[in-house]
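Student: Got a minute to go through a structure with me? I'd like to start with the metal site and then look at the rings.

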Amino acid sequence: MYPDYAIQALTVYISTMIFLTLILILISWLYRKHKNSVDDTDIAGITYDLNSEMILWTDDFSDVYVNNKLRSLIGCAEKPVDGKEVLKLAFGLEDLNRDTLEKMIESSSHEARFKGQNGGLVTIAWSTSLVKKRKKNSLYLSTGFNLTNIRKMKLSLASANDFFNSSMELAEIGVVMSTDRKKFRASPEMVRMLDLKSSSITLSEFRSLVHPNDRIQFDSVVNSKDSAEVRSTDMRMRSAEGTYRWYSYRYKSIKGTAHTLPLFGGAIIDVTEEHEKDLLIERLAYIDEVTDIANRNKLMVVGQETYETAQILGYSYWVVVLDIDRFHIINDTCGYTNGNYILKNFAHILYKFVTPGGIAARMSGDNFALVLRDYGDDELPARTARDIQDEFAKLAVDELSAISLTCSAGYSKMPEDGRSFLEVVEHAEFALKSASGFQSSICGYEPSMHDSIIGNTELEKSLAVAIQNNELQLFYQPKINLETGKIMGVEALIRWIKPDGTVVKPDQFVPIAESSHLIGKISEFVLNEGCRQNMMWQKMGYPNIVMSINFASSDFYQKDLRDKVFEALVKSGLEPKWLEVELTETLALSDINYAVDQMNKLRDLGVKLAMDDFGTGYSSLSYLQILPITLLKLDRSFITDIESDNIAYEIVSAVIRIAKSKKIETIAEGIENKNQEDILRKAGCDYGQGYLYGKPMPANKLQEFLEQNMKN
Ligand code: C2E
Ligand code: MG
Ligand code: MG
């Protein structure tokens, strides 16, 4: 608690006082024992060379002996002539009379201060005792202890202490010290900070202030080994306001020496605000704002740690990557508030499936990840994904009741499926992508998937270049009136003609274009080029025919779909009734309300609407009531079987009948022979399309077809 030099000075002081008292006792004893043989001069002789200030004096001041030590301070003779003046000076008294002398003798120690012969201020503590009482006078011996240096030390100690206390107060630092680690002394600031009852506090009182979760840490601080270095730790303690606040505790534990006690203690600073800032920064850096679960950064940090632990301990984990099907459509159609609601709830569902050691995170947009500890159950990731799908579907209530909420998942295993956590995640994403296109797909990663995915990425890059280089071209396939045999329209079907002349069919690049932004560009081209070409044929004098174009789901759900179609019509000058948009039933039914809305907007323009590939998707005839379509395209699969399969025939003729009752025209896709044509005509089908009449062909070939058809 006190510095070394103060303790040393105190020890010297006490031992000197004991020594001087012993000398006084010795002198008195000698004097009494040899009453007649020892005189004043003998006593003076004894004291003369002692290493303490001494004066032998009579109370009538007739005899005053000053020893060597005191003479060196005062600068007087051994037996000064003006003894009284010397005594006044040595005892620091203004006046020397019976009263002042008596007082001085009575007090066990009289502190005198005077100016020494070299000008410095001298402080001496005198102790006086009666040596001999005589008739004419009494003889006294005063022994002094020079306090000059100790006083100086005391002064500097006091100012150091003041400095220390005010520094602590100014810096708002609490300090706590202990020599035995059982009782602690707290600085005034510490008392204030923690609202302590006193500056003395026991270990258990101190510990009770620490937050229960930080007590183990506190124990390790208190039991820390002696060390020269300053250590620090942060812990929560109950503050004066009664709430737990964060304190940074910088502490040191010093070993005791022969002259000093061991010392343990340190300084405490309130760092609550810094902690709150740190938490905020951590939140911003690691928590996803919309869903409140971990974000990609956190997933990557925790995931890599988990990956490394898994390698060391021989554990394994499943990494499941999930994607909400058609989320961009939901977001566009239901608005951001509903979109965010869906994301939040999806995150909430995922969170329920997190097991100890795992994590759920939102990676981006509608992309989520779930890390699950593997206990040898290979079905776990697929089963969990299915359970998530079931829970997710239940969210489609109220406003969202018209949409089907589904999600797809890809999964991989760690550490075996990648050299790092990132790679394992990428492989789970491979699995997800390779199944994409199908809603509610769940697919596990297999190394063979790389080839097709890498192929797709390459294809995507070269497709982007192809669009820029105008390598896309429309082919046209005739649609024939089954009664008259006359052409009534064409379907525009896209082709990618590579510079070397190879023709790439849409099945090979449309799905890839659909999974990227490229489909928008393709559709814009098809729409404008289809309208332009049809208008051109009209201008060339060919009979007016309907131009059918195909739309992908991402095009169809665009908010500005109507405006884009309208623009294309205006630009080309084509009348709306000569344009038809083909939609698949899967596309229309994925969000029926919105689809109906979009379809009505197109119908209002005067554009025709065809339901493509009918019979392959949901195939509910009741939808024919709701969807404002003008034409129903029977899927090729029915037509192929229609000659041999009675059921196929029954279905086709029933559909044609119902469509007719709803004033919806019908067309059969994929007619390849006359027999099929005959059956369909008899069943009441209005139109036909297929290789029997013509394969999809370039514009100039179709012109030839038109000319030929006009002649027949
Ligand atoms: P879809 O709209 O059902 O087009 C009909 C497909 O059936 C065409 O294939 C056509 O060549 C083929 N087909 C027609 N008659 C017969 C036949 O008698 N026998 C056989 N075996 N096949 C026949 P294509 O041109 O390969 O197009 C395939 C699909 O690609 C289309 O199916 C359509 O869904 C999509 N597609 C084509 N062009 C576009 C486009 O411009 N945009 C979008 N989004 N999709 C397109
Ligand atoms: Mg089509
Ligand atoms: Mg079709």
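Tutor: Sure, one definition to begin with: donors are N, O and S atoms within 2.8 Å of the metal (3.2 Å for Na, K and Ca), and water is not among the atoms, so sites may look incomplete. This is a predicted model, where local features need pLDDT of at least 70, side-chain atom pairs count only at pLDDT 80 or more, and totals for chains, interfaces and linings use all residues. Residues are numbered from 1 along each chain as its sequence is written, chains are lettered from A and ligands numbered from 1 in the order in which they are written, and side-chain values use heavy atoms, leaving out hydrogens and water.

Student: OK, which residues coordinate the magnesium ion (ligand 3)?

Tutor: Asp-612 (OD), Asp-613 (OD) and Glu-669 (OE), at 1.9 to 2.4 Å. Their spacing in sequence is D-D-x55-E.

Student: And what does Asp-612 bridge?

Tutor: Asp-612 bridges ligand 3 and another magnesium ion, ligand 2, and the two ions lie 3.9 Å apart.

Student: Is Asp-612 buried or exposed?

Tutor: Buried, at 6% relative accessibility. Buried means under 20% relative accessible area, exposed over 50%, and partly exposed in between (1.4 Å probe, protein chains only). Asp-613 has 24%, so Asp-613 is partly exposed.

Student: Switching topic: which charge lies over the face of Tyr-315?

Tutor: That's Arg-373, at 3.7 Å from the ring centre. The rule is NZ of Lys or CZ of Arg within 6 Å of the ring centre and within 35 degrees of the ring normal. Arg-562 lies over the face of Phe-566 too, at 5.3 Å from the ring centre.
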